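Got the viewer open? Load the model, switch on a cartoon, and keep your selection tool handy.

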Amino acid sequence: DLLVHPRATAHLTPERRMEALRRSAMIVVEDIFERPDEENLKRGIKIVSSFVHALMKDPKSYLFLSRLSSHDPYTLQHSVGTAANCIVLAKKAGVSSEEGLVDAGFAGLLHDIGKVKVRTEVINKPGPLDDDEWVEMKKHSEEGFHLIADQQFISERVKRAILEHHEDKTGK
């Protein structure tokens, strides 16, 4: 199992390892968005840890990790891509601890978890949102924070990233 035994992918090229982890991450994120309970959230930490482990073992893996970012509009793929981007950005910004990199990746993975509280027709609307829909969409950061706020194993940094990921420079 990729989530428990990163050595299981040791025989793969770094590119194939990252792709295998991406596929596993997609399954985990889908489960988290369907049921954000402690078990699934902890699986999310494991998948992010697998990405970080691969990056720390082979620094060139960041090239493959950075390619996982997706411009696909679907939230699950976006969350996996954001997690990858957060790990790469944290590493480039000088974060070297495994804990710091895992927090950055986990924050990226969960940043849009609050969208589970937004009506599907708003999430998937093909055109621009009207004023009421936009108000509903803007609440996803707070909704996401409330979904995970009581989880003691999730760091305050991750919780704040989920809450504040759309905050602008004025603090709004």
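In which helix does Asp103 lie? Select helix H5, residues 98–110, and you'll find Asp103 there. Before you click on, note that this is a predicted model, where local features need pLDDT of at least 70, side-chain atom pairs count only at pLDDT 80 or more, and totals for chains, interfaces and linings use all residues. Residues are numbered from 1 along each chain as its sequence is written, and side-chain values use heavy atoms, with hydrogens and water left out.

**Stop 1: the whole chain.** Zoom out. There are nine helices and zero strands, where helices (H or I, at least four residues) and strands (E, at least two) are DSSP runs numbered from the N terminus. Along the sequence that reads α-α-α-α-α-α-α-α-α. Now colour by pLDDT, the predictor's confidence in each residue, from 0 to 100. The chain's mean is 83, with 84% of residues at 70 or more. Pick out helix H9 (residues 156–164), which has the highest mean pLDDT among the elements at 95, then helix H3 (residues 61–66), which has the lowest at 63.

**Stop 2: inside and outside.** Of the 172 residues, 40% count as buried, meaning under 20% relative accessible area with a 1.4 Å probe, protein chains only. Turn on the surface: the chain exposes about 10,000 Å², and carbon and sulfur atoms supply 52% of that. For contacts (heavy atoms within 4.5 Å), take those between residues at least 6 apart in sequence: 64% of them join residues at least 24 apart.

**Stop 3: back to Asp103.** Show its side chain. Asp103 counts as buried because its relative accessibility is 13%, under the 20% cut-off. Add Ser155, Arg157 and Val158: Asp103 touches these three, leaving out residues up to four places away in sequence. What joins the side chains of Asp103 and Arg157? Look for a polar contact of 2.6 Å; the term covers a pair of N or O atoms within 3.5 Å, where within protein one must be able to donate a hydrogen and the other to accept it, and residues adjacent in sequence count only if both atoms are side-chain atoms.

**Stop 4: Thr82.** Move to helix H4 (residues 75–92) and select Thr82. Thr82 is buried too, with a relative accessible area of 16%. Beyond its neighbours within four places in sequence, Thr82 is in contact with Gly108 and His111.

**Stop 5: a ring with company.** Finish on Phe153, where Lys42 lies over the ring face at 5.0 Å from the centre. A charge sits over a ring if NZ of Lys or CZ of Arg is within 6 Å of the ring centre and within 35 degrees of the ring normal.

Methods: Buried < 20%, exposed > 50% of the residue type's maximum accessible area, 1.4 Å probe, protein only. Areas by Shrake-Rupley, 256 points an atom, 1.4 Å probe, with all protein chains shown as cover.
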